[in-house]
Amino acid sequence: MTTLPFDTSRAVCATTDPDLWYSDTPAGQQEAADICRATCPLLRACAAYALTTRQHHGVWGGMTRSDRQRARQALAA
């Protein structure tokens with residue numbers, strides 16, 4: 001198990017079905033991202049962690065894998 005640099009006890013993903021955050025379908029991934037963006041108080045910390053550590057799977061900080069790839073490309077430009 002990975003130790004995150006922030007307290008996840010208030011995270012929306014900590015209180016919902018973990019499979020939602022690792023959906024194999026674009027629709028499932030978008031649903032998770034939308035829930036996260038709308039309700040999670042840890043959105044920024046989670047997104048920063050995912051970008052910094054180059055997470056490849058799941059929805060992190062309201063971002064799907066492709067969202068994170070675009071964000072990294074934009075930061076590199």
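How accessible is Asp34: buried, partly exposed or exposed? I looked it up, and at 39% relative accessibility Asp34 counts as partly exposed. A reminder to myself before going on: this is a predicted model.

**Entry: salt bridges**

I searched the whole structure for salt bridges and got three.

I began with Asp34, since I already had it open. Asp34 forms a salt bridge with Arg37, and the closest N and O atoms are 3.2 Å apart. I then checked where the two sit. Both are in helix H2, which covers residues 26-39. They are three residues apart there, which means about one helical turn separates them. Arg37 comes out as partly exposed, with 41% relative accessibility.

Next I asked myself which other residue Arg37 forms a salt bridge with. I found Asp67, with 3.4 Å between the closest N and O atoms. This pair reaches across the sequence: Arg37 lies in helix H2, Asp67 lies in helix H4 (residues 65-76), and so the pair ties together parts that are 30 residues apart in sequence. I looked up the accessibility of Asp67 too, and at 17% relative accessible area Asp67 is buried.

I stayed with Asp67 for the next one. Its side chain also meets that of Arg70 in a salt bridge, at 2.5 Å from N to O. Asp67 and Arg70 are three residues apart in helix H4, so about one helical turn lies between them. Arg70 is partly exposed, and I noted 48% relative accessibility for it.

Putting these together, I have a network of salt bridges that links Asp34, Arg37, Asp67 and Arg70.

**Entry: cysteines**

How many disulfides are there? I counted zero.

I wanted to know why Cys13 has no bond, so I looked for the closest cysteine sulfur. That sulfur belongs to Cys40 and is 6.1 Å from the sulfur of Cys13, which is too far for a bond. The cut-off I needed here is 2.5 Å between the two sulfur atoms. As for accessibility, Cys13 counts as partly exposed at 38%.

I also checked Cys46, which is in no disulfide. Its nearest cysteine sulfur is that of Cys36, 5.8 Å away. Cys46 is buried, and I wrote down a relative accessible area of 13%.

**Entry: what I keep from this**

The thing I would look at again is Arg37, which forms salt bridges with Asp34 and with Asp67. For the cysteines, my note stays short: zero disulfides.

Methods
Residues are numbered from 1 along each chain as its sequence is written. This is a predicted model: local features need pLDDT of at least 70, side-chain atom pairs count only at pLDDT 80 or more; totals for chains, interfaces and linings use all residues. Side-chain values use heavy atoms; hydrogens and water are left out. A salt bridge is a side-chain nitrogen of Lys or Arg within 4 Å of a carboxyl oxygen of Asp or Glu. Helices (H or I, at least four residues) and strands (E, at least two) are DSSP runs, numbered from the N terminus. Buried means under 20% relative accessible area, exposed over 50%, partly exposed in between (1.4 Å probe, protein chains only).
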